[in-house]
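Okay, thanks everyone, let's get going. I'll put the structure up and then walk you through a few spots in it.

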Amino acid sequence: MTPNLHLWLIPLLPLAGAAINGFLGKRSSRQAISTVALVFSGAAFAMALWVVSQFSSLTLPYIETLAPWIRAGSFQVDFAFYLDQLSLVMLLIVTGVGFLIHIYSVGYMWEEGGYYRFFTYLNLFMFFMLTLILASNYLLMFIGWEGVGLASYLLIGFYFLRDSAAAAGKKAFIVNRIGDFGFLIALFLLIKHFGSLNYAELAHVIAPLHIETHAGLFTTIGILLMVGAAGKSAQIPLYVWLPDAMEGPTPVSALIHAATMVTAGVYMVSRSHVIFDRAPSALTVVAIIGTLTAFFAATIGITQTDIKKVLAYSTVSQLGYMFMGCGVGAFSAGIFHLMTHAFFKGLLFLAAGSVIHAVGGEQDMRKMGGLRTKIPWTFWTMTAGTFAIAGIPPLAGFFSKDEILWQASRVSLIYWGVGVFTAFLTSFYMFRQWFLTFFGEYRGEEHSGAHDHGAHSHDDHGHGGVHESPPVMLGPLVVLAILSVVGGWVGIGNRFENFLAPVFHSTATVGAGSFDAAATNIAPAEPQKEESDKSTELLFTYISVAAGIFGFLLAWQLYYRRPELPAEIATKLGGLYYTVLNKYYVDEIYAAVIVKPLIAVSSAVFWQGIDRGVIDATLDGSAEGAREVSDTMRHMQSGNIRSYAGWIAAGAACVIIFMAWVALAAPMGAR
Amino acid sequence: MVPLSYYLILSGILFACGVTGFLIKRNLITIFMSIELMLNGVNLSFVAFAAQWHALSGQIFVFFVMVVAAAEAAVGLAIIIAVYRTRETLNVDQVDLLKL
């Protein structure tokens, strides 16, 4: 018998926290606000752990219907929750990492204004994110999808008095809208052709369909879904919002813009694997976008000097890896990387926040350096994160990235080659950051100057000299550091893949045989092939580890032994360097090609032309007309009894004349 | 017997005189008398029709009109006296406090 899990409690607990803090937080003490926020997000985590303990006794997928929502004929969408291996992994990541970041935020945000607002938004985000991953249909997922976008917008613009933060929030929201447009159209297509949005029903309906007959439809839906995923998960061409999103407080960058929300696209694509399995072209699009993004963002990451911007581009790049994994049909590898990435990137952001906190709000790595001895806890945890993301074994990033690269190499060596080169770049920029921040001499201004900086720097953490963060911030760092080290071990011997296998294989076998990417993942390899696969896999592993180590050595050479070299190289590269430094001028190109024409057309045609010229003019004109007619007519209302009587007499005379005319003319006609 | 049309024409003339008086006169009492004239013009047409069709209802109607006219005269004259006491005039053009 399947126990009742009360899954609905998991999202609603953070919502309750958000409601309490949102309505009462303004007059509450910081202690009370922190308690509410931590208790409710912690309770969600505890519920998730309890679900794990019950997991073996469940019949999967476990579906729990809370209330009916839309029921129109045969089309039916309910407030229902869906639990399988995939949602369980996401559930643990979101509640676990989310809870840790809540704890960290208590320390990080303690001095900030709007404390209750911050935790209200953070809990609200948890609610929507959990709705997104636990939804049993695309429409409920879409609610969560939009909700996390809202929470993201609110938190990016948390320091809304700063113009750049407000603009970044708007940018994130608008760019996400473009993606959501694709997602919505995909949902409409699903409704039109399959009459349902429930995962279970869709899998049932789609399973018997063959790729030969429905390739066009599935490819369209797949690409539209990918448009949505590209918006949310910051992939080319919609990645531009994520680096700007670093305007938000650092815990937000860690939780929303690294660990959880931005991975929603990967989750959504994996959740839609039934569709993608039947749309090889769409999968190719996913893989190409992922590979390109991974490489493109990594090159930008090399030149950035803001500690959070480096991590932001790194996030974009790592998300590219996940899509590369999904795109070659290795959804479980993508989700695996999603999980390890949540650990080490969450850790890196939190550690970066700790560094920023330590140096008084400074975010420019050129003004850091030599912090190794001053903030040892931060240093060691960040070291774990850096080695993990660089793919050095046996840390978490190695396993997941290697899995993706291996799966990619089986589809095309191009993906693999770009992936390995990106791994080298990743390792290089991460160790560049590591050396710049923690080694060499301290290049920042002394503490008196730090206050001036605090005034216009990003997080306003200008207090005191370089100092280690409080234990409430270090605790989550340590936990995440441990996870970053050991988190990849669950993938040893394909255990993670086997765990997720029921989700991705249950429906994928039918009709996918004609497609090699899906087939390689599904068809059990022959023993002979497996043998040679093993040695090839090992060779590829050596190469990707070598890429990581090479990146480390290069960074060590450039930023530790010969710190004057990078400037020389930059001068030599000249234009290329500046192009990359300015992020390939993508923002400028978008501004020139899309934003400016859009604004011009909007203000000339839609605003001045249609809004002013047609709508306003119609209203103003009719109001003006009514006013003028009234102006004439009001002279009748003279207040003079005799003039009224005159009008009555005139009216009566008209009636009499009419009747006389009827009496005289009509009978004549009748005769 | 005098034809019906004569009565009706006389009635119309009386009514038109009343209307004209009501419209052009400024003195409240004259206006009041013009109203009485209109009422009596109508009364004349009522009795004329009653006599023509040998129907009693026209006659009865006239009595009702007379009763109402008497009541109206009482109230109207009271108002006229009240107006004269407060405004010291019976010119309607000067009794215009309610006018904007």
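So, let me start with a pair of helices in chain A. In H6(A), the residues A:Val175, A:Asn176, A:Ile178, A:Gly179, A:Asp180, A:Gly182, A:Phe183, A:Ile185, A:Ala186, A:Leu189, A:Leu190 and A:His193 come up against H8(A), where the partners are A:Leu217, A:Thr220, A:Ile221, A:Leu224, A:Leu225, A:Val227, A:Gly228, A:Ala230, A:Gly231 and A:Lys232. Sort the residues of that contact by type and you get 13 nonpolar, seven polar and two charged. Before I go on, bear in mind that this is a predicted model.

How do those two helices cross? H6 covers residues 163–194 of chain A and H8 covers residues 211–232, and they pack at about 150° with their axes 7 Å apart. Because of that angle, H6(A) runs roughly antiparallel to H8(A). As for the hand, the crossing of H6(A) and H8(A) is left-handed.

Now stay on H8, since H13 of chain A, residues 280–303, packs against H8(A) as well. Here the angle is about 25° and the axes are 8 Å apart, so H8(A) is roughly parallel to H13(A). On the H8(A) side you'll find A:Phe218, A:Thr219, A:Gly222, A:Ile223, A:Met226 and A:Ala230, and they meet A:Ser281, A:Ala282, A:Val285, A:Val286 and A:Ile289 in H13(A). The residues of this contact split into eight nonpolar, three polar and no charged. If you're following along on screen, look for A:Ala230: it is listed in the contact with H6(A), and it turns up again in the contact with H13(A).

Next, a short helix. Is H11 of chain A, residues 264–271, enclosed or open? Eight of its eight residues are buried, so H11 is largely enclosed by the rest of the structure. Those buried residues are A:Ala264, A:Gly265, A:Val266, A:Tyr267, A:Met268, A:Val269, A:Ser270 and A:Arg271. Yes, the arginine is on that list too, A:Arg271.

Let me zoom out for a second. Chain A has 27 helices and two strands. Its C-alpha trace spans about 115 × 70 × 55 Å along the principal axes. There are 671 residues in chain A, and 51% of them count as buried. What share of the contacts in chain A with a separation of 6 or more comes from residues 24 or more positions apart? That would be 81%.

For one example of two residues a long way apart in sequence, take A:Tyr577, which sits in H25 of chain A, residues 575–581. A:Tyr577 and A:Ile300 are 277 residues apart along the chain, and their C-alpha atoms are separated by 9.8 Å. If you ignore neighbours within four places in sequence, A:Tyr577 is in contact with A:Thr303 and A:Ala570. A:Tyr577 has 16 C-beta neighbours inside 10 Å, so it counts as partly exposed.

On to the backbone oddities. There's a cis peptide bond between A:Ile236 and A:Pro237, with omega at about 5°. A:Pro237 belongs to the loop between H8 and H9 of chain A, H9 being 241–244. Another cis bond goes from A:Pro393 to A:Pro394, with omega near 5°. To find A:Pro394, go to the loop between H16 (376–389) and H17 (396–411) of chain A.

Then we have positive phi values at non-glycine residues. A:Tyr584 has a phi of about 55°, and it lies in the loop between H25 and H26 (586–633) of chain A. With 13 other C-beta atoms within 10 Å, A:Tyr584 is partly exposed. Over in chain B, B:His54 has a positive phi of about 50°. B:His54 is in the loop between H2 (28–53) and H3 (57–87) of chain B. Is B:His54 buried or exposed? It has 7 C-beta neighbours inside 10 Å, so it counts as exposed.

Last thing, confidence. Chain A averages a pLDDT of 86, and 92% of the residues score at least 70. For residues 448–460 of chain A, though, the pLDDT is below 50, and that stretch has 25 contacts in the model beyond near neighbours in sequence. Residues 507–526 of chain A are also below 50, with 38 such contacts. Where pLDDT is low, the predicted coordinates shouldn't be read in detail. Okay, over to you for questions.

Methods: Residues numbered from 1 in each chain as written. Chains lettered and ligands numbered in written order. Predicted model: local features only at pLDDT ≥ 70, side-chain atom pairs only at ≥ 80, totals over all residues. Axes fitted to C-alpha atoms, helices over the stretch in contact; angles between N-to-C directions. Helix = DSSP H or I, 4+ residues; strand = E, 2+ residues; numbered from the N terminus. Parallel < 35°, antiparallel > 145°, perpendicular 65-115°, else oblique. Left-handed = near helix turned anticlockwise from the far one by under 90°. Contact = placed C-beta atoms within 7 Å. Nonpolar A, V, L, I, M, F, W, Y, C, P; charged D, E, K, R; others polar. pLDDT = per-residue confidence, 0-100. Buried ≥ 20, exposed ≤ 12 C-beta atoms within 10 Å, placed from the backbone.
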